[in-house]
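Take a look at the fold shown here. This report walks through its parts one at a time.

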Amino acid sequence: MPKIEQKQQMVKEIEQLIQDAALVVFSDYRGTNVEEITHLRNQLRVPGVKFKVLKNTMTEFALKNTGYTELAEQIEGPNAVLFSNEDPVGPVKTIMEFIKQYKKLEVKVGILEGKKLEADRIKALADLPSREVLIAQVLGTMQAPITSLVYVLNANLTGLARAIDQIREQKATV
């Protein structure tokens, strides 16, 4: 396959990754060594998450082709790109923990469900609870009123049963 066709194929693959991802994060990996990047990649090895080092020219073409022209200008320098198809919070937490541990890697910009995210917003995303925790919190909140209603109804029924039992005992002694 000629070199130009390989590059076009690479651009199409990056476009597909961008379109399929709920979250895309561009980060500058200058200063990290192979061992550190490998460690981060291993931590991000979960279903629905890809972490790739991509050539800027290919990435710029892919961003322009997918409608993110303004982002193409912000990805100068070496880029490691995170693509997450499902949970946006977990992978960002992993990257932020890596940054705290190694003091390397700099988050530049991202895309969350089709909208551009600045670096400070991506960092704020890392402070959110994971998707599973949020779902559990919502379900707990929804369950609390139902549980209270069951206790109230049960208490009323218990009281009614005791009253009927007392009436039965009184009639039995008479």
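The text below goes from the whole chain to the sheet, then to the helices and the cores.

## The whole chain

Keep in mind that this is a predicted model. The protein chain holds seven helices and five strands. Along the sequence, these elements follow the pattern α-β-α-β-α-α-β-α-β-β-α-α. The protein chain has 174 residues, and buried residues make up 34% of them.

How much of the contact in the chain, at a separation of 6 or more, comes from residues 24 or more positions apart? Such residues account for 80% of those contacts.

## The sheet

The five strands form an open sheet. Their order is β2-β3-β1-β4-β5, and the pairing is antiparallel. Which strands sit at the edges? They are β2, residues 49-54, and β5, and each pairs on one side only. On average, neighbouring strands of this sheet are turned by 20° against each other, direction ignored.

Three of the pairings can be set side by side.

| Strands | Sense | Bridges |
|---|---|---|
| β2 and β3 (residues 79-84) | antiparallel | six |
| β1 and β4 | antiparallel | six |
| β4 (residues 106-112) and β5 (residues 115-118) | antiparallel | four |

Single residues show how the strands line up. K50 stands opposite F83 in β3. L23 has L112 in β4 as its bridge partner. Two residues can be matched to β5. V109 has E118 as its bridge partner there, and G110 stands opposite L117.

β4 and β5 also form a hairpin, with two residues between them. E113 lies in the turn and has a positive phi of about 45°.

In a regular strand, the side chains alternate between the two faces of the sheet. Burial along a strand is worth checking too. Is β4 mostly covered or mostly open? It is mostly covered, with five of its seven residues buried.

S84 is a residue to find in strand β3. The relative accessible area of S84 is 0%, so this residue counts as buried. Leaving out residues up to four places away in sequence, S84 touches A21, A22, L23, G48, V49 and P91.

## The helices

Helix α1, residues 3-20, lies across four strands: β1 (23-28), β2, β3 and β4. Helix α1 runs at about 140° to β2.

Helices can also be compared with each other. Two packed helices are described by the angle between their axes and the distance between the axes.

Start with α1 and α3, where α3 covers residues 56-65. Their axes come within 8 Å and cross at roughly 55°. α1 and α3 are therefore oblique to each other. The crossing in which α1 passes α3 is right-handed. On the α1 side, the contact is made by K7, M10, V11, I14, E15 and I18. On the α3 side, it is made by M58, T59, F61, A62, L63 and N65.

Now turn to α2 and α5. Their axes come within 10 Å and cross at roughly 150°. How do these two helices lie to each other, roughly parallel or roughly antiparallel? The limit for roughly antiparallel is an angle over 145 degrees, so α2 and α5 are roughly antiparallel. α2 passes α5 in a right-handed crossing. E36, H39, L40 and Q43 of α2 make this contact with T94, I95, F98, Q101 and Y102 of α5.

## The cores

In soluble globular proteins, nonpolar side chains tend to be buried together. Look for such groups in this model.

The largest nonpolar core has 22 residues. Within it, F51, L82, V92, I95 and V107 touch the most other members. The elements that give two or more residues to this core are β1, α2 (34-43), β2, β3, α5 (89-102) and α6 (119-126). Which element gives the most? It is α5, with six residues.

Another core lies apart from this one. It has 19 residues, among them M58, I75, V81 and I111.

Return to V107, one of the core members named above. What does V107 touch, not counting residues up to four places away in sequence? The list is V25, F26, S27, I95, M96, I99, A119 and I122.

Key. Residues numbered from 1 in each chain as written. Predicted model: local features only at pLDDT ≥ 70, side-chain atom pairs only at ≥ 80, totals over all residues. Heavy atoms only, no water. Pairing = 2+ DSSP bridges. Axes fitted to C-alpha atoms, helices over the stretch in contact; angles between N-to-C directions. Contact = heavy atoms within 4.5 Å. Core = buried A, V, L, I, M, F, W, Y, C linked by side-chain atoms within 4.5 Å. Buried < 20%, exposed > 50% of the residue type's maximum accessible area, 1.4 Å probe, protein only. Parallel < 35°, antiparallel > 145°, perpendicular 65-115°, else oblique. Left-handed = near helix turned anticlockwise from the far one by under 90°.
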